[in-house]
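Visitor: I'd like some help reading a structure at the bench. Could you take me through its cysteines and its charged pairs?

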Amino acid sequence: MTYNNIKPGLFGQKHSSRDYTQEDSWGKNQFNSSFPASLVAYMGSRDVKPVYICANENNEIVHKHIDASKLLGVDPLSDDAYYDFEAGYYPYEQYYTASKKEKIDLVMINRSTKLAVSGLEVKLTTLPDNTTKDLEEENYGSEIVVRSPTILFLACSICACYDNLRGKTKLHTLLNTIGEEIKDWGEIRMVLPHYDKIKEAILQVSKDLYKKQVPLIIQPIWKTDKKLKHFEDNCLDVFVWSNLSVIQMCLRDTNPKDDISRNQRTIIWLYKMLWDFTQYGRFNYTDIVNALAYKYKTDKAFAISGNLTSPMMKCIELTKPRITKFEIKNIILGGGQNFLKPERRFDAFLVSHPELFQE
């Protein structure tokens, strides 16, 4: 199948673990990470830099901009760039044991050096979500669902900054002695009284690392009208969350009294992973997540709604995304949209708006 003599594909992905001439590379799980990767590459080709959500030395959210090449660790349009989806990120695998090694959404490999240069989670989100659709545009927000492995990668990104004897000693000091005081980490009643100290210790680690934070989550947004039926003309942009800003994301919930929320559990997971790293040089991811389930399922860490992400994301790019719906045909190439099935909302929007792909 060809479309104007161009094979189905996605912008910039000369070398990829997915073959876009095959229909099964356009399923919902694949498209939700492969399209954002090409959106980043397309923005890079136009010198449009994603919004980089970071934490400063006071654990406050600040916005910067990050170049596509710096974000991905390699020029996304170069012949060196290899897009490896749902792959193991071996630079982090030394820091944990597990029943199976977890895969991250996107690993960028430099084909010249054969090195994995970045490992990133990808969250394709709609704007607004149900909690913000009735608000003014500047108060729109997107729901973000964070997988449990994302917290593993967050912990590993921190371990990488303390990966020597001196570093482990410093991290141990920052974590205080809470890890020694809790006798049974699987019991909420044993852990909850220490939660405030656990949170403060994690915030101290964040302060220590603010100059070394790294990208962790790529979050493209696609904006609809208030009726959630049509794309806005300016509909696409990309936000990037650093590892430290993800910690701040965890803290943006209302904590129940005498109980534990998913967000609190996430902070406890992170603390326990880091604590065990200072003790043993690595941590057992599977054991920590399963033993510290605290009545919740462990398939996801937590979800945060748009009314909570909005204050952290608020900027001109959120109100007026920089990539228009008319540019989507520059990203999805060769009639690739014909392989899409309306299984999720973004796919459905594209399928129901064929005029976007008319020349």
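Guide: Let's begin with one residue: Asp237 is buried, with a relative accessible area of 0%. Keep in mind that this is a predicted model.

Visitor: Which residue does Asp237 pair with in a salt bridge?

Guide: The general idea is to look for a Lys or Arg side-chain nitrogen within 4 Å of an Asp or Glu carboxyl oxygen. Here the partner of Asp237 is Arg322, and their closest N and O atoms are 2.8 Å apart. This pair links distant parts of the chain, 85 residues apart: Asp237 sits in strand E11 (residues 231-242), while Arg322 is in the loop between helix H13 (316-319) and E14.

Visitor: Is Arg322 buried or partly exposed?

Guide: Partly exposed, at a relative accessible area of 23%. The cut-off for buried is under 20%, so Arg322 at 23% doesn't count as buried.

Visitor: How many salt bridges turn up in the whole structure?

Guide: The search finds 13. One of them joins Glu327 and Arg46, with the closest N and O atoms 2.5 Å apart. Those two also link distant parts of the chain, 281 residues apart: Glu327 lies in the loop between strand E14 (323-324) and strand E15 (332-333), and Arg46 in the loop between helix H1 (28-45) and strand E2 (51-55).

Visitor: What are the accessibilities of Glu327 and Arg46?

Guide: Glu327 has 12% relative accessibility, so it counts as buried. Arg46 is partly exposed, with 38%.

Visitor: Which residue does Asp163 meet in a salt bridge?

Guide: Lys168, with 3.6 Å from N to O. In that pair Asp163 is partly exposed at 34%, whereas Lys168 counts as buried at 19%.

Visitor: Now the cysteines. How many disulfides are there?

Guide: First the general idea: a disulfide is a covalent bond between the sulfur atoms of two cysteines. To call one, you want those sulfurs within 2.5 Å. In this model, searching the whole structure gives zero disulfides.

Visitor: Why does Cys159 have no bond to Cys156?

Guide: Check the sulfurs. The closest cysteine sulfur to that of Cys159 belongs to Cys156, and because it is 5.8 Å away, it is too far for a bond. Cys159 itself counts as buried, at 0% relative accessibility.

Visitor: And what about Cys315: which cysteine has the closest sulfur?

Guide: That would be Cys54, but the sulfurs are 12 Å apart, so this is too far for a bond as well. Cys315 counts as buried too, with 17% relative accessibility.

Methods
Residues are numbered from 1 along each chain as its sequence is written. This is a predicted model: local features need pLDDT of at least 70, side-chain atom pairs count only at pLDDT 80 or more; totals for chains, interfaces and linings use all residues. Side-chain values use heavy atoms; hydrogens and water are left out. Buried means under 20% relative accessible area, exposed over 50%, partly exposed in between (1.4 Å probe, protein chains only). Helices (H or I, at least four residues) and strands (E, at least two) are DSSP runs, numbered from the N terminus.
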